[in-house]
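Open the model in your viewer and keep the selection box ready. We will go stop by stop, and each stop says what to pick next.

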Amino acid sequence: MYNNKTVLGALGGLLMTAGLAIADPVDDTLILNEETELVTRTAAPAHMADVVDEVISGWHFRGVETRAMQADDFDNPGMIFVEQAEDVWNTADGSEGKSCSSCHEGSDSMKGVKAVYPKWNEGAGEVRTLEMQINDCRENRMGAEKWKYTGGSMQNMIALISSVSRGVPVNVAIDGPAQSTWEQGKELYYTRTGQLELSCANCHEDNYGNMIRADHLSQGQINGFPVYRLKNTKLNSVHARFKGCVRDTRAETYKPGSAEFTALELYVASRGNGLSVEGPSVRN
């Protein structure tokens, strides 16, 4: 680990910040549509106990208006894309003349699925993200073209599958055949990269809760993905966010869907085990 002075010096070169200020995550409760209380902070999972005592959703690091936007489906702009995906769910595509509902019936049958991805796929002999599994279904069951990994159609569908799991605790398995991929992801998380020599941990473990200019550093939890960002007014994927972060260290980055980002997603998702699925969430 590296001290705050080292990290701040590097971050200063990137963000031209004049100083570091403490701003603890807000004390608030996320109640979805005034009905369902989501777990947004809880005791750290066992494999994180030597690093942090508590895992905290990025929702706690946003402003009042942004938090309120996510709490109401009528105000959450991400739900527009969920509705679009619902239409796609029931529309046949590909040479087999099948839709998602042909095999899975209603989209609510996907409840709990988002909470366990990425996961080991025995038949394929690999850890798969939800995007990989969707494209496998499209290609091999529907006879349809694969979707772009970070594309709108894909992220809309991820948002739909996530939305029916909101409130379900993240429970990503990291043992058994998935362990080696998890270890690879952990190594990537702690490896400093780029001209700024920063790792994921420098911001999201060593400095979460700190303010750098107008940005409130969170723990980097991904239980809320896909995320509707007010910055670019669209749904953003986990791997697109990873790519942006690596780019900001002034390093060559990996491609969305790569083995490296899949491993990193497995590791980062496991850091949030116990938090509720939130997607589509709203962030800056």
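**Stop 1: helix α5**

Start with the buried residues of α5, which pack against β6 (119–121), β7 (126–128) and α6. Helices here are DSSP runs of H or I with at least four residues, strands are runs of E with at least two, and both are numbered from the N terminus. Packing here rests on contact, meaning heavy atoms within 4.5 Å. Buried means under 20% relative accessible area, exposed means over 50%, and partly exposed lies in between, with a 1.4 Å probe and protein chains only.

Before going on, note that this is a predicted model: local features need pLDDT of at least 70, side-chain atom pairs count only at pLDDT 80 or more, and totals for chains, interfaces and linings use all residues. Residues are numbered from 1 along each chain as its sequence is written, and side-chain values use heavy atoms, with hydrogens and water left out.

Now select α5 (130–140). How many of its eleven residues are buried? Eight are, and the helix is mostly covered. Pick them out: L130, E131, Q133, I134, N135, D136, C137 and R138.

**Stop 2: two residues of α5**

Select E131, in helix α5. Buried or exposed? E131 counts as buried because its relative accessible area is 5%. Show its surroundings, leaving out residues up to four places away in sequence: E131 touches Y149, M154, Q155, I158 and S237. Next, draw a line between the C-alpha atoms of E131 and K146. They are 9.9 Å apart, with these positions 15 residues apart along the chain.

Move to I134, also placed in α5. I134 has 11% relative accessibility, so it counts as buried. Beyond neighbours within four places in sequence, I134 is in contact with W147, M154, M157, I158 and I161. Try another line, from I134 to T91: their C-alpha atoms are separated by 15 Å, and the two are 43 residues apart along the chain.

**Stop 3: the second largest pocket**

Rolling a probe the size of a water molecule over the atoms shows where empty space is left. On a 1 Å grid over the protein atoms alone, a cavity is a set of points where a 1.4 Å probe fits but cannot get out; a pocket is an open set with protein on both sides within 12 Å along at least five of seven lines; lining residues have an atom within 4 Å of a point. Grid points are joined across faces, edges and corners, and a volume is the space filled by probe spheres set on the points.

Select W89, C100, H104, I134 and C137. Of the 24 residues lining the second largest pocket, these lie nearest its centre. The pocket holds about 340 Å³ of space. Colour α3 (78–89), α4 (100–104), α5 and α6 (152–163): each supplies at least two lining residues. Which helix gives the largest share? It is α5, with five residues.

**Stop 4: the largest cavity**

Select K114, Y117, I222, V238 and E265. They are the closest to the centre of the largest cavity, among 22 lining residues. Its volume is about 190 Å³. Helices α5, α6 and α10 each supply at least two residues of this lining. The most come from α10, with three.

**Stop 5: the largest nonpolar core**

A nonpolar core is a set of buried Ala, Val, Leu, Ile, Met, Phe, Trp, Tyr and Cys residues joined through side-chain atoms within 4.5 Å. Select Y189, I222, F242, L264, L266, Y267 and V268: they have the most contacts inside the largest core, which has 28 residues. Helices α7 (179–190), α9 (238–248) and α10 (259–271) each supply at least two of its residues. Here α10 gives the most, six residues. Apart from this core lies another, of 19 residues, including F81, V82, M110 and L160.

**Stop 6: aromatic rings**

Rings of Phe, Tyr and Trp (its six-membered ring) pair if their centres lie within 6.5 Å; planes under 30 degrees apart count as stacked, over 60 as edge-to-face and the rest as tilted. The whole structure has seven aromatic pairs. Select Y254 and F261, an edge-to-face pair: 5.6 Å centre to centre, with 85° between the planes. Y254 is partly exposed, at 34%, whereas F261 is buried, at 1%.

Finish on W182, Y189, Y190 and Y267, linked into a cluster by ring pairs.
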